[in-house]
Amino acid sequence: MNYFYFQKSIAILLCVIFIPTLHATVLGVIPETATNDFVLGETLFSWEEQVPPPTFVTFTDQSALLQNTNFHSGVAIGIADMNGDGKDDIIRLDNARILNIEYQNAPNAAFSNTNFGSVSSSNQWSLCIGDADGNGYNDILTGGSYDNIKLQKANGSGTSYTTTTLPSSNIFIQGSNFVDINNDGSLDIFACHDDAESRKWENDGNGNYTLNNNLIPTITVPASDNSGNYASIWTDYDNDGDLDMYLSKCRGGVSDPTDPRRINQLFRNDGNNTFTEVAGAAGLKIGDQTWSADFADIDNDGDMDVFMLNHYTPSLMFENNGDGTFTDITTASGLDQNMNLFGIQGIFRDFDNDGFVDLIVTGTQHRMFKNNGDQTFTEIANPFTSNWIESLAIGDLNGDGFLDIYAGYANLFTTPSAIDDQLFMNQGNANNWIDIDLKGTVSNINGIGARVELHGSWGIQIREVRSGEGYGIHNSFHQHFGLGTASQITKVVVKWTSGIVNEINNPSINQVLTIVESTPPPFVSFTDESSALLQTTNFYSGIVIGISDMNSDGKDDIVRLNNAQTLNIEYQNAPNAMFSNSNFGNVSGSNEWSLCIGDADQNGYNDILVGGAYDDIKLLKANSDGTSYTTSILPSSNIFIQGSNFVDINNDGALDIFACHDDAESRKWENDGNGNYTLNNNLIPTITVPASDNSGNYASIWTDYDNDGDLDMYLSKCRGGVTDPTDPRRINQLFQNDGNNNFTEVAGAAGLKVGDQTWTSDFADIDNDGDMDVFMLNHSAQSLIFENNGDGTFTDITIGSGFEQNINFFGRQSLFRDFDNDGFVDLVVAGTQHRMF
């Protein structure tokens, strides 16, 4: 124990210094760890440094700008552009029944109000907005407790609405969405049903709807009455380019947290509009009576995290791990504090434009949490001069680049109270911003389901366009990004539901940027010209094929082995003219597995190397006019060859040979300069660490991955029968050349130490940034694409690249080439199936 005593004068001085942050406890002694305490007589005084609360924006009540201030919406509120002028308007239901739209005019000017009359004689619980018929003006969907779901369709000028009732829609609706479930370019409807399975209506393309619950079956396992559906949110949680859906479940009167009627569901889209429930595997199988959930990227790492607003148990915050699973970070995030309220809405938005989404929660009370940028949140002192806000909608209601709030008040749950709605304008700060307004052409006109990426010095921010969020509300379609003090944007990337990707480079800041979906030029097509152009069409090469100029006329010829044994060359003649064929006879009595081409003796005509499973490697040397070939056997070449290369390993100007060996270390032969070869495995030792038999060598590719002017080599490893991904016989190797032909294995340091049974790899600059990226065609796991960071390391960008989709087959070849001459390399993959990307 340490004892501290102070004279009176010193104690007074200390009190002056530390007051008013003193806390007194009668103890008399101080533990050794208490460094901020002191004793006066028998009293222990402790002090703690007071950290000032983070700065945040303020909100001012500007309800006076509304034409009708005596208005009581309750819960169902929306913000969207309703007259096509690009400005957010307010969609509200007085007493939850009478449709009014307050149209935004000039910044901070009075709104213009239009009363469109009653939509129902019952309170409406849910509202969402979208252009159902694609006429350029948004339509409105509303519904309540068993009074049918109404679709208010805008006319051709957006000045009036015609009401239709969805078929078979007499349900107890909760949350709702316009969303293109089947990805046909038209907005379908999803409606949460409290008392049974949720309902889905399919759009015929003209805004007419038919009930079709098979669009996405949402039954529970184990079986139940499928009730308890409160809020649905559509998000690409796994970054595979299609919309998945998370369904918040909350069943009144059900106390068992294992009852499927209160267990949230996550439906994963396989890319073909087939949905599988995977909440358990993802770590989101929660039975805490979730009222609603919101997905957003809280840490700007490129994937969607999730907040769940629960009743009767603490609300939860989950971090997306980037692999389709989530981790509970509630306690670490700070969102476990002061959430003792009955929540109705929980929505992420960047209110202070610092580049990180904040969180607002409303219900019996309201809370605002500032995102600190490190996966933690700090509660902000009440920013609203109001009663407790129960519901809200969010958008920029004065065009200043800061998000405003329209607040509604209700008596739990949805009955409007006697408190007038309020319009809270965000007073902003000096931070910069950009808003993105999408106009779909092939995709739905609102761009619902599209992902918007903002790239800059901060890295990446992402947003998703949604209709219907939280519990029965709709927020602005504009995708809002705060930039903090950043003054430049590298690019905006829009990934539409159609699969079209549009990029805008270097857009100006502090603007609303409208991006219209633009269809890229069509990809090239291929026509089978085999019968018309080849001399011999009854031909079976297998996998051993080559294309190269074999007679030195500058045109590519086809080098092939019939039945993988008999060498034929089809020589190209004039464009689109018949090829000329020469048969050079058998090269082996066994099937050949590998072929590569190069001028080994530098006589001006290419030679051919072939080999198979333990039948020696043959070198077919062209004579001085390229019309015949002499066969020689490489010394010590009776190996199980896989891939092979002619390459100048020692940089002496002559082509050496590298041959992948499946059953032992790969072999290397040195060229004496005249096309004569000697085995020399020391050209580039390829032993493994830890030690092994060095087998499993499938494909080698030589590339200057580090841009230092010399050739490095990446070796794809795939060892049959080895299931352990840490076994060195299946871990790819990267050999870095030091410029003096000394090679060091650096796959781990480079981020390319992959043990996924890689059959082959290809390096190419996919983004034209001046360095080589890499695609790995794997067998025991998903194929992978890595971005070269430019510093000798690589980052896995598979998720979101498009390559993670539809390579569900046994691949053998993968090659980057620019097939459509657009200046970017495409990818072709072949095997038991083929794909072109």
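## Strands, charges and a nonpolar patch

Met836 sits in strand 63, which covers residues 834–836. Before going further, keep in mind that this is a predicted model. Met836 is partly exposed, at a relative accessible area of 34%. Together with Phe523, Val524 and Phe526, Met836 makes a nonpolar surface patch of about 360 Å².

Now for the whole protein. There are 5 helices and 63 strands, and the C-alpha atoms fill a box of roughly 100 × 85 × 55 Å along the principal axes. Of the 837 residues, 56% are buried. If you take the contacts with a separation of 6 or more, 49% of them link residues 24 or more positions apart. The exposed area comes to about 33000 Å², with carbon and sulfur atoms supplying 49% of it.

On the charge side, the protein carries 37 positive and 111 negative side chains. The centres of those two sets lie 7 Å apart. Side chains of opposite charge can pair when their charged atoms come close, and the structure holds 29 salt bridges. Here are some of them:

| Pair | Closest N to O |
|---|---|
| Glu464 and Arg466 | 2.6 Å |
| Arg729 and Asp727 | 2.8 Å |
| Glu592 and Lys618 | 3.1 Å |

Let's start with Glu592 and Lys618, whose side chains meet in a salt bridge. Glu592 belongs to strand 45 (residues 592–598) and Lys618 to strand 47 (residues 618–622), so this pair ties together parts that are 26 residues apart in sequence. Are the two partners buried or exposed? Glu592 counts as buried because its relative accessibility is 2%, under the 20% cut-off. Lys618 has a relative accessible area of 3%, so Lys618 is buried too.

The bridge between Arg729 and Asp727 gives another picture. Asp727, at 14% relative accessibility, counts as buried, whereas Arg729, at 23%, counts as partly exposed. The 20% cut-off falls between these two values, which is why the partners get separate labels.

What about Glu464 and Arg466? Both residues are buried, and their salt bridge brings the closest N and O atoms to 2.6 Å.

One more thing about the charges: which residues do salt bridges with shared partners join into one network? They are Asp294, Arg349, Arg451, Glu464, Arg466 and Glu469. So the Glu464 and Arg466 pair from the table shows up again as part of that network.

Notes. Residues are numbered from 1 along each chain as its sequence is written. This is a predicted model: local features need pLDDT of at least 70, side-chain atom pairs count only at pLDDT 80 or more; totals for chains, interfaces and linings use all residues. Side-chain values use heavy atoms; hydrogens and water are left out. Helices (H or I, at least four residues) and strands (E, at least two) are DSSP runs, numbered from the N terminus. Buried means under 20% relative accessible area, exposed over 50%, partly exposed in between (1.4 Å probe, protein chains only). Contact means heavy atoms within 4.5 Å. Accessible areas come from the Shrake-Rupley method with a 1.4 Å probe; for residues, only the protein chains shown count as cover. Lys and Arg count as positive and Asp and Glu as negative; His and the chain ends are not counted. The place of a charge is taken as NZ of Lys, CZ of Arg, CG of Asp or CD of Glu. Patches are made of residues with over 30% relative accessible area and no salt bridge: like charges are joined within 9 Å, nonpolar side chains (Val, Leu, Ile, Met, Phe, Trp, Tyr) within 5 Å. A salt bridge is a side-chain nitrogen of Lys or Arg within 4 Å of a carboxyl oxygen of Asp or Glu.
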